[in-house]
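Okay, thanks for having me, let's get going. I'll put the sequence and the model on the screen and then talk you through them.

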Amino acid sequence: MEAMYVRRLSRHVQYLVTAVNSPKTYAAPQIAMQLQYDIGKWCSECSFTSDDGLLGLRALYNFGTPSSIGQWSVGTEVYYGILDKSGGSRNKDCP
């Protein structure tokens, strides 16, 4: 089963919540949340997923106008895994 809820908070801000649940598995439903800000030339997004605890920030800046022949965009993404810290952690019980 899948569900989606989208709500516009203002002219430039909206949030989106999606959920996926499989009745064949006994795992908790997977939920993803996004807060989006878009003013045309500049847009950004903050996201979180419950299944792997991933927190993300994305941003995009558009150069030029949409009606021009060549429009350039520059963007970046940063993600942090809240639940998965395998890169720097070590179990003290393992040799």
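Let me start with a term: I call something a salt bridge when a side-chain nitrogen of Lys or Arg lies within 4 Å of a carboxyl oxygen of Asp or Glu. Before I use it, the housekeeping: this is a predicted model, where local features need pLDDT of at least 70, side-chain atom pairs count only at pLDDT 80 or more, and totals for chains, interfaces and linings use all residues. Residues are numbered from 1 along each chain as its sequence is written, and side-chain values use heavy atoms, with hydrogens and water left out.

So, how many salt bridges does the structure hold? Two. In one of them, the side chains of E77 and R58 meet at 3.8 Å, N to O. E77 sits in strand β6 and R58 in strand β5, so to speak distant parts of the chain, 19 residues apart. By strands I mean DSSP runs of E with at least two residues, and strands are numbered from the N terminus.

R58 also has a salt bridge with E45, and there the closest N and O atoms are 2.6 Å apart. Since E45 lies in strand β4 and R58 in strand β5, that pair ties together parts that are 13 residues apart in sequence. Put together, E45, R58 and E77 are linked in a network of salt bridges.

Is E45 buried or exposed? With 12% relative accessibility, E45 counts as buried, while R58 at 33% counts as partly exposed. The cut-offs, with a 1.4 Å probe and protein chains only: buried is under 20% relative accessible area, exposed is over 50%, and partly exposed is in between.

Now, the sheet those residues belong to. It's an open sheet of six strands in the order β1-β2-β3-β4-β5-β6, and the pairing is antiparallel. Two strands pair, in this scheme, if DSSP finds at least two bridges between them. At the edges stand β1 and β6, residues 72-81, each with a single partner strand, so one side of each has no neighbour in the sheet. From one strand to the next, the twist averages 10°. That angle uses axes that are lines fitted to C-alpha atoms (for helices, over the stretch in contact), and angles run from 0 to 180 degrees between N-to-C directions.

Let's look at the middle of the sheet. Strand β3, residues 30-38, runs antiparallel to strand β4, residues 42-49, and seven bridges join them. Our salt-bridge residue E45 turns up again here, as the β4 bridge partner of Q36. Q34, for its part, stands opposite S47 in β4. The two strands form a hairpin with three residues between them, and G40 in the turn has a positive phi of about 100°.

On the other side, β4 pairs with strand β5, residues 54-63, in the antiparallel sense over eight bridges. S47 has G56 as its bridge partner in β5. This hairpin has four residues between the strands, and G53 takes a positive phi near 65°.

Next up, aromatics. What describes a pair of aromatic rings? The distance of the centres and the angle of the planes. The rules I used: rings of Phe, Tyr and Trp (its six-membered ring) pair if their centres lie within 6.5 Å, and planes under 30 degrees apart are stacked, over 60 edge-to-face, and the rest tilted.

The structure holds three aromatic pairs. Y5 and Y15 have ring centres 6.1 Å apart and planes at 50°, so that pair is tilted. Y5 is in strand β1 (residues 2-8) and Y15 in strand β2 (residues 13-20), 10 residues apart. Y5 counts as partly exposed at 42% relative accessibility, and Y15 is partly exposed too, at 26%.

Y61 and F63 form an edge-to-face pair, with 4.8 Å centre to centre and 75° between the planes. Y61 is partly exposed at 30%, and F63 is partly exposed at 41%. Ring pairs link W42, Y61 and F63 into a cluster.

One last stop: P23, in the loop between β2 and β3. P23 is exposed, with a relative accessible area of 72%. P23 and M1 are 22 residues apart in sequence and 7.9 Å apart in space, C-alpha to C-alpha.

That's my tour, thanks.
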